[in-house]
Amino acid sequence: MRLEAQNVSFRYKAGPWILRNLSLSVMPGEIVGLTGPSGCGKTTLARLLAGFERPDAGKIALDGQPLPAAGYCPVQLISQHPEQAVNPRWQMHNTLCESYLPDKSLLEELGIKNEWLKRWPNELSAGELQRFCVARALGPQTRFLLADEMTTMLDAVTQAQIWQAVLRLAGERRIGILLTSHDSTLIKRISHRNIDLTSIF
Amino acid sequence: MSATANTDKPLLEVSGLSVSFIQYAAGLRQRTFQAISNLNADIRPGEILAVVGASGSGKSILAHAILGILPGNALVSGSMSYAGQELTPKRQAALRGREIALIPQSVNFLDPLMRVGTQVRFSSPNGNGTAMQREIFTRYQLAAGTERLYPFQLSGGMARRVLVATAAASPARLIIADEPTPGLHPAIVKETLAHLRELSAAGRAVMFITHDINAALETADRIAVFYAGTTVETAPAGDFCGEGERLRHPYSKALWQALPQNDFRPVPGSQPSPADLLPGCLFAPRCRLSTLECASAEPALRSIRGGTVRCHHAA
């Protein structure tokens with residue numbers, strides 16, 4: 001099972017082309033770093049691969065098939081802004097358990113405290129919210145994870161804590177990861193190969 | 001990085017600062033959040049002090065406390081002095097924007113309905129604002145037409161330069177930069193850091209608040225490490241090296257060792273919430289060195305090897 005972008009082109013409405021004729025693939029268990037300057041389309045590419053946007057030309061394929069239109073998507077996106085990725089009118093336990101029941105050991109590994117489950121999103125910091133977003137995205141059906149500046153807003157200790165949990169689980173379940181980051185030391189540390197978005201189209 | 005940094009008297013001295021907030025939990029039931037507890041910090045002219053810590057550790061609240069712009073439900077205790085005199089609310093209001101300037105975190109702090117040139121001219125205290133604004137825009141490579149633009153017409157990098165320009169145009173001797181580089185491209189981060197260094201080279205004191213320890217090390221003379229609302233350690237930037245053996249506090253060491261270029265090693269658990277702080281050392285529940293003493297008594301601030309630390313076990 002591989003995740004592929006095949007000759008994908010995309011623009012927002014009638015705006016300028018953001019991606020043109022772009023192809024890439026990620027294999028199971030592979031960790032790929034995606035770099036490039038601000039505004040070059042990294043986040044757009046991640047949104048396309050996760051099915052949040054549809055390409056104007058070309059296709060996104062999971063094992064040769066289009067992404068499922070309904071149900072749990074095996075390609076999960078974790079965004080840079082967790083406060084925009086959770087329902088402000090849900091207590092955190094609803095957000096956490098929306099698609100599956102994460103086990104206690106994963107919550108512990110991510111440093112999620114029991115008392116946070118009853119909180120509302122505005123009562124938690126960005127770092128605390130991001131831990132929930134990561135747990136939520138790691139359901140048993142997840143095959144690929146798109147980490148879009150997942151830990152940019154976090155301190156180094158929290159960043160290492162979240163990544164170590166994700167890397168352990170991804171290793172066990174052979175989840176493929178595409179990560180974007182401005183931090184070249186992070187990319188160098190964890191990715192198997194690196195794609196510079198400005199050099200491939 | 002001024003050589004005179006250590007000889008001058010502190011421009012700003014904060015000692016024993018605590019800030020708490022009263023909130024309504026449900027109905028008329030109130031609860032108190034201890035956002036900053038017993039914090040000490042000082043900064044000298046020509047020096048860059050980086051304040052580094054996790055999100056939710058109270059860094060921005062420190063900035064707001066110094067400027068005197070905390071909301072009405074905040075309770076402040078402890079003392080602050082500026083240029084040798086006590087910093088009272090009245091004095092804060094008089095110094096704010098003149099002697100003490102803020103470089104805010106977000107571009108949303110610019111007035112969306114005012115041309116950016118006009119906003120920068122506001123910072124200049126006397127008559128010749130326009131000439132000064134143009135000179136600063138030239139220095140920051142903002143094209144001549146930029147002064148007539150509105151904030152929404154600027155790119156992220158340009159807006160960042162305008163925010164720094166606002167502080168540079170003011171005669172402020174103390175500049176507080178609150179997360180001026182969040183999620184920006186490395187080139188813009190580098191440029192912003194260079195601007196901070198310029199400001200300090202001109203003799204101003206710069207407090208650089210960030211969660212990015214790499215940016216802090218690149219720029220600052222000293223680093224204050226924040227955890228759960230207090231400074232656990234203040235160290236010369238050069239102490240962050242090797243395995244972190246020159247650092248004094250276990251959390252500072254953990255922060256250093258957690259960097260991707262070092263061990264990428266996390267610490268289990270999470271920072272305690274300001275709503276339920278326990279007595280004793282706030283890092284104790286996550287600390288390998290923790291003993292009974294740590295759980296019962298808050299460590300006093302001690303000076304060790306040219307830095308300060310709050311840890312019973314530091315030597």
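**Exercises on a sheet and a helix**

In chain A, three strands make up an open sheet, ordered β2-β1-β4, with antiparallel pairing. The model is predicted, so local features need pLDDT of at least 70 and side-chain atom pairs count only at pLDDT 80 or more, while totals for chains, interfaces and linings use all residues. Residues are numbered from 1 along each chain as its sequence is written, chains are lettered from A and ligands numbered from 1 in the order in which they are written, and side-chain values use heavy atoms, with hydrogens and water left out.

**Exercise 1.** Work out which strands of this sheet stand at the edges.

*Solution.* Strands are DSSP runs of E, at least two residues long, and helices are runs of H or I of at least four, numbered from the N terminus; two strands pair if DSSP finds at least two bridges between them. β2 (19-26) and β4 (57-62) of chain A each have a single partner strand, so one side of each lacks a neighbour in the sheet. Next, β1 (residues 3-10) of chain A pairs with β4(A) over five antiparallel bridges, and S9(A) has A57(A) in β4(A) as its bridge partner.

**Exercise 2.** Decide whether α5(B) is largely enclosed or not, starting from its buried residues.

*Solution.* Buried means under 20% relative accessible area, exposed over 50%, and partly exposed in between (1.4 Å probe, protein chains only). Of the 14 residues of α5(B), 11 are buried, so the helix is largely enclosed by the rest of the structure. These include G157(B), R160(B), R161(B) and L163(B). Finally, the buried residues pack (contact: heavy atoms within 4.5 Å) against β6 (100-103), α3 (116-121), α4 (129-139), β7 (174-178) and α6 (186-201) of chain B.
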